[in-house]
Amino acid sequence: MDWLGLLHLTLALAAIGAGAAVALARKGTRRHRYLGRAYALSMLGVVVTAFLIYDLFGGFGPFHFAAVVSLITVVMGWIPARRRRPRAWMEHHAYWMSWSYVGLLAAAAAEVLSRIPDTPFWGMVLAASGAVVALGAVVIRRRVPSILAGLGRGPVTTRPPAEH
């Protein structure tokens, strides 16, 4: 493995660790913000190094497109946390960052499983990514609303509360 691949791997492992710590940490604390910054910065490093790796296709390929999606999810999760507007900023932050982390885990699973000898590369990439994204969708759908509700920030609606 060359130095760029090693740097990419190191940043990805740092992002996996920081992302897991953010997911497990109490939300809104100084620790959460510190770990979140570590996650976002390591993800930016993963994306930048991904754009510099062309060994597999010799040019822009599907994994570079995935890096663009990854960059979008991180930025879209970071902006609401920095601006703290609109009213639903916490919800936007939680969902975008959660999907960012799921994407990272899907990429990691695809990387690992595609290296199994005598298995179809694209089959393993698609199976691993699809399984992680499907599981991530279930976890996000179940956990994020309860986390937001625990912060007093359930899903924001435009309807007034029902009268009793």
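This passage describes the surroundings of Ser114 and the packing of helices H4 and H5. The model is predicted, and local features were taken only at pLDDT of at least 70, side-chain atom pairs only at pLDDT 80 or more, whereas totals for chains, interfaces and linings use all residues. Residues are numbered from 1 along each chain as its sequence is written, and side-chain values rest on heavy atoms, without hydrogens and water.

Ser114 is located in the loop that joins helix H4 (89–113) to helix H5 (121–150) (helices being DSSP runs of H or I with at least four residues, numbered from the N terminus). Ser114 counts as buried because its relative accessibility is 14% (buried: under 20% relative accessible area, with a 1.4 Å probe and protein chains only). A polar atom of the Ser114 side chain lies 2.9 Å from the backbone oxygen of Ala110, and the Ser114 side chain reaches the backbone oxygen of Glu111 at 3.2 Å. Apart from neighbours within four places in sequence, Ser114 is in contact with Phe121, Met124 and Val125 (contact: heavy atoms within 4.5 Å).

The axes of H4 and H5 are 8 Å apart and form an angle of about 155° (axes are lines fitted to C-alpha atoms over the stretch in contact, and angles run from 0 to 180 degrees between N-to-C directions). H4 is therefore roughly antiparallel to H5 (angles over 145 degrees). Residues of H4 including Trp99, Leu105 and Leu113 meet residues of H5 among which are Met124, Val132 and Ile140.

Notes. Helices (H or I, at least four residues) and strands (E, at least two) are DSSP runs, numbered from the N terminus. Buried means under 20% relative accessible area, exposed over 50%, partly exposed in between (1.4 Å probe, protein chains only). A polar contact is a pair of N or O atoms within 3.5 Å; within protein, one must be able to donate a hydrogen and the other to accept it, and residues adjacent in sequence count only if both atoms are side-chain atoms. Angles under 35 degrees count as roughly parallel, over 145 as roughly antiparallel, 65 to 115 as roughly perpendicular and the rest as oblique.
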